[in-house]
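This note is offered to a colleague who is opening the structure for the first time. It may be read with the sequence and the 3D view side by side.

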Amino acid sequence: MSASAAPVIAIDGPSASGKGAVAQRVARRLHFHYLDSGALYRLVGLAARLAQVNIDDERRVTTLAAALDAHFDDEDIYLDRQLVTDAIRSEEAGADASAVATLPGVRQALLLRQRAFRAAPGLVADGRDMGSVVFPDAAVKIYLTADAEERATRRYKQLIGKGMNASMAAIFQDIQARDDRDSRRAIAPLEKCSDAMFLDTTNLSIDDAVEQVVARYATATQAP
Ligand code: C5P
């Protein structure tokens with residue numbers, strides 16, 4: 001199978017919807033590769049901060065994105081050979097990521113890098129525009145979401161679990177601001193593709209969501 005023909009399961013949705021956890025588990029179940037596209041935007045945000053480049057400066061941020069020295073090793077993420085797995089998970093890093101993600105040059109610079117993750121036996125790609133822009137020919141497209149309040153609670157528990165400081169009210173506000181910016185931006189906005197399956201995880205466990213995605217994939221790839 002050529003890499004470009006390797007099947008893709010695209011999982012898009014708003015922040016803290018659980019799509020990262022679901023996507024990772026689906027990838028493990030199917031022995032597929034995994035692309036956390038949000039991590040790339042977070043890395044660009046961090047690279048800009050470290051280089052003291054204003055995150056609105058499209059030309060300079062695009063240059064950083066094009067030259068991004070990023071390395072993924074299972075759950076560990078490196079920027080310029082420095083371990084930044086936790087550093088890119090802060091709320092601040094999420095806000096920076098969402099700001100640089102509005103820049104067309106940055107999205108273009110990351111496009112081929114994301115497509116390069118596509119390899120046999122398959123790829124589970126998680127993000128905002130996986131089904132619409134990066135892998136429009138994905139075998140399965142999922143739009144995974146949950147109530148904003150439920151998502152804020154999940155994010156809060158995640159941050160506290162990592163020993164980080166967190167305020168529920170600030171997280172809720174941040175999630176709403178990020179949803180707003182991600183859905184309204186002119187380029188590759190967060191939206192459900194018409195051919196995506198809607199999966200609401202407000203009252204669904206991660207395991208149940210994984211089952212639904214795997215079942216959808218099995219149906220989609222079944223021989224007629
Ligand atoms: O998924 P995560 O919360 O890590 O993404 C961080 C930010 O990166 C999002 O708020 C969004 O603005 C941006 N992003 C994007 N396109 C993707 C993945 C993430 O614009 N495919």
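The numbered points below take up the ligand site, the cavity, a small sheet and two details of the backbone.

1. Status of the model. The coordinates are those of a predicted model. The points that follow should be read with this in mind.

2. Surroundings of the ligand. The ligand is surrounded by 17 residues, and the closest of these are Arg-42, Arg-107, Asp-129, Arg-178 and Asp-182. Sorted by class, this shell holds nine charged residues, together with four polar and four nonpolar ones.

3. Polar contacts with the ligand. On the nitrogen side, a polar side-chain atom of Asp-129 lies 2.8 Å from a nitrogen atom of the ligand. Two arginines approach oxygen atoms instead: a polar side-chain atom of Arg-178 is 2.8 Å from an oxygen atom of the ligand, and for Arg-185 the distance from a polar side-chain atom to a ligand oxygen atom is 2.9 Å. On its own, the ligand has 450 Å² of accessible area, and the protein covers 97% of it.

4. Elements around the ligand. Which elements give two or more residues to the shell around the ligand? They are helix H2 (37-50), helix H4 (91-100) and helix H8 (168-184). The largest share, four residues, comes from H2.

5. The cavity. Apart from the ligand site, the reader may wish to inspect the interior. The structure holds one cavity of 30 Å³ or more, and the volume of the largest cavity is about 40 Å³. The residues lining the largest cavity are Asp-12, Arg-128, Lys-141, Ile-142, Tyr-143, Glu-191, Lys-192, Cys-193 and Ala-196. With three residues, strand E7 (residues 140-145) gives the most to this lining. By class, the lining of the largest cavity divides into five charged and four nonpolar residues, with no polar ones.

6. A three-stranded sheet. The strands of an open sheet follow the order E3-E4-E5, and their pairing is antiparallel. Strand E3 (70-73) and strand E5 (82-83) each have a single partner strand and stand at the edges, so one side of each is left without a neighbour in the sheet. Between E3 and strand E4 (residues 76-79), the antiparallel pairing extends over four bridges. Within this part of the structure, His-71 stands opposite Tyr-78 in E4.

7. A cis peptide bond. Where in the chain does Pro-121 have its place? Pro-121 belongs to the loop between helix H5 (104-115) and strand E6 (123-127). The peptide bond that joins Ala-120 and Pro-121 is cis, with omega of about 5°.

8. A positive phi angle. Ala-16 is not a glycine, yet its phi is positive, at about 60°. Ala-16 is found in the loop between strand E1 (8-12) and helix H1 (19-30). A reader following the backbone may look at this residue together with the cis bond between Ala-120 and Pro-121.

Conventions: Residues are numbered from 1 along each chain as its sequence is written. This is a predicted model: local features need pLDDT of at least 70, side-chain atom pairs count only at pLDDT 80 or more; totals for chains, interfaces and linings use all residues. Side-chain values use heavy atoms; hydrogens and water are left out. On a 1 Å grid over the protein atoms alone, a cavity is a set of points where a 1.4 Å probe fits but cannot get out, and a pocket is an open set with protein on both sides within 12 Å along at least five of seven lines; lining residues have an atom within 4 Å of a point. Grid points are joined across faces, edges and corners, and a volume is the space filled by probe spheres set on the points. Ala, Val, Leu, Ile, Met, Phe, Trp, Tyr, Cys and Pro count as nonpolar, Asp, Glu, Lys and Arg as charged, and the others, Gly among them, as polar. A residue is near a molecule or strand if one of its heavy atoms lies within 4 Å of it. A polar contact is a pair of N or O atoms within 3.5 Å; within protein, one must be able to donate a hydrogen and the other to accept it, and residues adjacent in sequence count only if both atoms are side-chain atoms. Accessible areas come from the Shrake-Rupley method with a 1.4 Å probe; for residues, only the protein chains shown count as cover. Two strands pair if DSSP finds at least two bridges between them.
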